[in-house]
Amino acid sequence: MPDAVGARLDSAIRLAEQAGKMAMAMRPPPGAVRGKLKAPQDWVTEADTAIERFLSEQFAAAFPSDGFQGEEAGVSRGGRLRWVVDPIDGTANFARGAARFCVSVGCLEGTTPLLGVVVAPALHETITARRDAGAWLNGRPLHAADTKAVDQAIMEVGWSRRRPNTAYLEVCERVLRDGASLRHGGSGSLGLVDVAAGRLDGYAELHINLWDVAAALVILREAGARVSDFLRGDGATAGNPIVACAPGLANAWSDLPGLPAAV
Ligand code: LIP
């Protein structure tokens, strides 16, 4: 019989994978965006709202005393344990029929992330982690990269219109000046997961929200990556900047412009 966290992890995997199947069934064809703009370059589709509603209803039925927070509808229930969900992270990609998107499900006790599940259905990947019990990609253990030379590294810098492009360009210029390769993929959750998987050496973003990172924070911790203190201050409610990286690069990237150090 699994314990309370184990039972929640099992349910989160099952429900996130069901949500992934919903997303694939609702994914628009390639072409112009099919969705609504919430803010400049910030889209929402019918799938975002339908998947969030599905997950809210399912978690309420399975764990009625738990809280629930989703990107689209906000905090709908309070509880000692709280589900924090991004129904589709990488909506701009999803809305154009691209593959780099995921369902992100995290569960926190207060401000301590306990478990995380990220399902990328078009990439056929399910990433899971439980605090102090490791991180797994399709059942294989995850470990951050052992890269130590910054001029051999790959860094993704997340972008949104929530911060000025001048600040974004300053970070990108510094990364390039250090000799690292630069990426931007449009899904913060998947960028952070790639750091945990050793497929990227770093992910940085000037502002990202709790629902984008709630699952990835556990996955990164369990994979041995270094991560800035995202939940400091009012990070859980207002979001924060984030830096996550391979342990050997924490010093090199400890002073990126406008960004905290990964500890
Ligand atoms: C996205 C994040 C990304 C950020 C985008 C957007 P969404 O989440 O994953 O890191 O740069 O602005 O917030 O909106 O696709 O769920």
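This short presentation covers the two domains of a protein, the interface between them, the ligand surroundings and two backbone details.

Good morning, colleagues. Please keep in mind throughout that the model is predicted.

I begin with the overall division. The domain assignment places residues 4-141 in domain 1 and residues 150-249 in domain 2. Between the C-alpha centres of domain 1 and domain 2 the distance is 19 Å.

How many residues of domain 1 are in contact with domain 2? The number is 38, and they meet 26 residues of domain 2. The size of an interface is often expressed as the accessible area that is lost when the parts come together. Here, the area buried between domain 1 and domain 2 is about 2400 Å², and carbon and sulfur atoms give 63% of that area. Which residues of domain 1 lose the most area to domain 2? They are Asp-89, Arg-100 and Pro-113, which together account for 21% of what the domain 1 side buries.

I turn now to the polar side of this interface. Between domain 1 and domain 2, 10 residue pairs are in polar contact, both residues being at pLDDT 80 or more. As for secondary structure, the elements that give two or more residues to the domain 1 side touching domain 2 are strand 5 (81-89), strand 6 (102-109), strand 7 (112-120), strand 8 (125-130) and strand 9 (135-137). Strand 7 supplies the largest share, with 7 residues. By residue class, the side of domain 1 that touches domain 2 holds 19 nonpolar, 10 polar and 9 charged residues.

Next, the salt bridges. Side chains of opposite charge can pair when their charged atoms come close. The whole structure contains 15 salt bridges, and 4 are found across the interface of domain 1 and domain 2. I should like to show two pairs. In one, the side chains of Arg-199 and Glu-125 meet at 2.7 Å, N to O. In the other, Asp-194 and Arg-100 form a salt bridge through their side chains at 2.9 Å, N to O. That second pair links distant parts of the chain, 94 residues apart: Asp-194 belongs to helix 5 (residues 188-196), whereas Arg-100 sits in the loop between helix 3 (91-94) and strand 6. Arg-100 has already appeared in this talk, among the domain 1 residues that lose the most area to domain 2.

Let us proceed to the ligand. Which of the 16 residues around the ligand come nearest? They are Asp-89, Gly-90, Trp-159, Gly-188 and Glu-205. For Asp-89, a polar side-chain atom lies 2.6 Å from an oxygen atom of the ligand. Asp-86 likewise places a polar side-chain atom 2.9 Å from a ligand oxygen atom. With Gly-188 the partner is a polar backbone atom, 2.7 Å from an oxygen atom of the ligand. Asp-89 therefore deserves a second look on the screen, as one of the residues that come nearest to the ligand and one of those in domain 1 that lose the most area to domain 2.Finally, two backbone details. Gln-41 is not a glycine, yet its phi is positive, about 60 degrees. Gln-41 is found in the loop between strand 1 (36-39) and strand 2 (42-44). Asp-132, also a residue other than glycine, has a positive phi near 65 degrees, and its place is in the loop between strand 8 and strand 9.

Thank you for your attention.

Conventions. Residues are numbered from 1 along each chain as its sequence is written. This is a predicted model: local features need pLDDT of at least 70, side-chain atom pairs count only at pLDDT 80 or more; totals for chains, interfaces and linings use all residues. Side-chain values use heavy atoms; hydrogens and water are left out. Domain bounds come from an automatic or database domain assignment. Contact means heavy atoms within 4.5 Å. Buried area is the accessible area (1.4 Å probe) that two parts lose on being put together, summed over both. A polar contact is a pair of N or O atoms within 3.5 Å; within protein, one must be able to donate a hydrogen and the other to accept it, and residues adjacent in sequence count only if both atoms are side-chain atoms. Helices (H or I, at least four residues) and strands (E, at least two) are DSSP runs, numbered from the N terminus. Ala, Val, Leu, Ile, Met, Phe, Trp, Tyr, Cys and Pro count as nonpolar, Asp, Glu, Lys and Arg as charged, and the others, Gly among them, as polar. A residue is near a molecule or strand if one of its heavy atoms lies within 4 Å of it.
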